[in-house]
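Q: Got a minute to go through this one with me? I'd like the fold first, then cysteines and helix packing.
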Amino acid sequence: MSSLTSISFQKLLAASTAAVASSSSTSPLKSLLFKPTSCRSIFNPNPISAVTPLRLRFAASFAAAPLSTMGDVVAADSSMDAVQRRLMFEDECILVDENDRVVGHESKYNCHLMEKIESLNLLHRAFSVFLFNSKYELLLQQRSTTKVTFPLVWTNTCCSHPLYRDSELIEENALGVRNAAQRKLLDELGIPAEDVPVDQFTPLGRMLYKAPSDGKWGEHELDYLLFIVRDVSVHPNPDEVAAVKYVNREELKELLRKADAGEEGLKLSPWFRLVVDNFLFKWWDHVEKGTLSEAADMKTIHKLMEE
């Protein structure tokens, strides 16, 4: 056990002892020990990740704060949709540095709070799927009205996060990210795994961006851009997706024009717009030619800012 772990654990033990002395309720320490995910800021279950200054700050803030239950935090966001609230607390995103090295993990909730993003420079790994059918039309989705970040905006086929689990931490050939993409295409769009085999995804590049959603929520992601050409069965999950549509190049350009003009209240996600403005149309050429692998550049991390 590291010195950081020993010191922090003694502080928790002292806090628990004091709480027991003043109350007959269940010990906070006992509750903590039965909920190991609650102590992610102190204990690092990933042996390949060393303790970093970022994790030191998490540990210090956790040890100094009074122990509280998840219910206390949930109460502060009682207006949040129940499904989205569950995902916000159950999903553990992969924290990375700007070179895409894993430095720890944190709840989806904390990873999307702009206050946490700014104060702790939280950066998490993400992916964006661009799925084309055999006519080379791109499948778009409109995010559901209950999404915490960027509700009702139009975006690429599927946008989400690999989670802090063995199958989605695999670095080789971005296999962990591809596994996550297959999982979320089923969760969000009802696309069966057999329709989107993981070996059919082509990782084309990575980009790093930050985008506030409103005064409270936002994104700070190192985003893997995955392309796939497949005819699939689509059954959108209404908790995640409000609408879907396939578009060709000209139809997408008209969508961009309407968004720029503010017509029909149409909005595009910031990460989708960054991909469109920097990569999409030249990569679309490779989609149609069947030469996607020639466009791939997984060594560069493009640091992009929304216009």
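Q: Looking at contacts between residues at least 6 apart in sequence, what share joins residues at least 24 apart?
A: It's 69% of those contacts in the chain. Keep in mind that this is a predicted model.

Q: And how many helices and strands are there in the chain?
A: The chain has 11 helices and 10 strands.

Q: What fraction of the residues count as buried?
A: Of 307 residues, 50% are classed as buried. The accessible surface of the chain is about 14,700 Å², and carbon and sulfur atoms account for 53% of that.

Q: OK, cysteines. How many disulfides does the count give?
A: Zero disulfides.

Q: Why no bond for cysteine 111?
A: Because its closest cysteine sulfur, the one in cysteine 93, is 4.4 Å away, which is too far for a bond. The cut-off for a disulfide is sulfur atoms within 2.5 Å.

Q: What about cysteine 158, how far is the nearest cysteine sulfur?
A: That would be the sulfur of cysteine 159, at 6.4 Å, and cysteine 158 is in no disulfide.

Q: Are those two buried or exposed, cysteine 111 and cysteine 158?
A: Cysteine 111 is buried, at a relative accessible area of 0%. Cysteine 158 is buried as well, with its relative accessible area also at 0%.

Q: Switching to helices. At what angle do helix 9 and helix 10 pack?
A: About 170 degrees, with the axes 12 Å apart. Helix 9 covers residues 249-261 and helix 10 covers 270-289.

Q: So are they roughly parallel or roughly antiparallel to each other?
A: Roughly antiparallel, because the angle is over 145 degrees.

Q: Which residues meet there?
A: From helix 9 you have Arg249, Leu252, Lys253, Leu256 and Asp260. On the helix 10 side they meet Phe272, Arg273, Val276, Leu280, Phe281, Trp284, Asp285 and Glu288. By class, the contact of helix 9 with helix 10 has seven nonpolar and six charged residues, with no polar ones.

Q: One more: where does glutamate 240 lie?
A: In the loop between strand 8 (218-229) and strand 9 (241-247).

Q: Does glutamate 240 count as buried or exposed?
A: Buried, because its relative accessibility is 4% and the cut-off is under 20%.

Q: And how far is its C-alpha from that of leucine 152?
A: The C-alpha atoms of glutamate 240 and leucine 152 are separated by 10.0 Å, and the two residues are 88 apart along the chain.

Definitions and conventions
Residues numbered from 1 in each chain as written. Predicted model: local features only at pLDDT ≥ 70, side-chain atom pairs only at ≥ 80, totals over all residues. Heavy atoms only, no water. Buried < 20%, exposed > 50% of the residue type's maximum accessible area, 1.4 Å probe, protein only. Axes fitted to C-alpha atoms, helices over the stretch in contact; angles between N-to-C directions. Helix = DSSP H or I, 4+ residues; strand = E, 2+ residues; numbered from the N terminus. Parallel < 35°, antiparallel > 145°, perpendicular 65-115°, else oblique. Contact = heavy atoms within 4.5 Å. Nonpolar A, V, L, I, M, F, W, Y, C, P; charged D, E, K, R; others polar. Areas by Shrake-Rupley, 256 points an atom, 1.4 Å probe, with all protein chains shown as cover.
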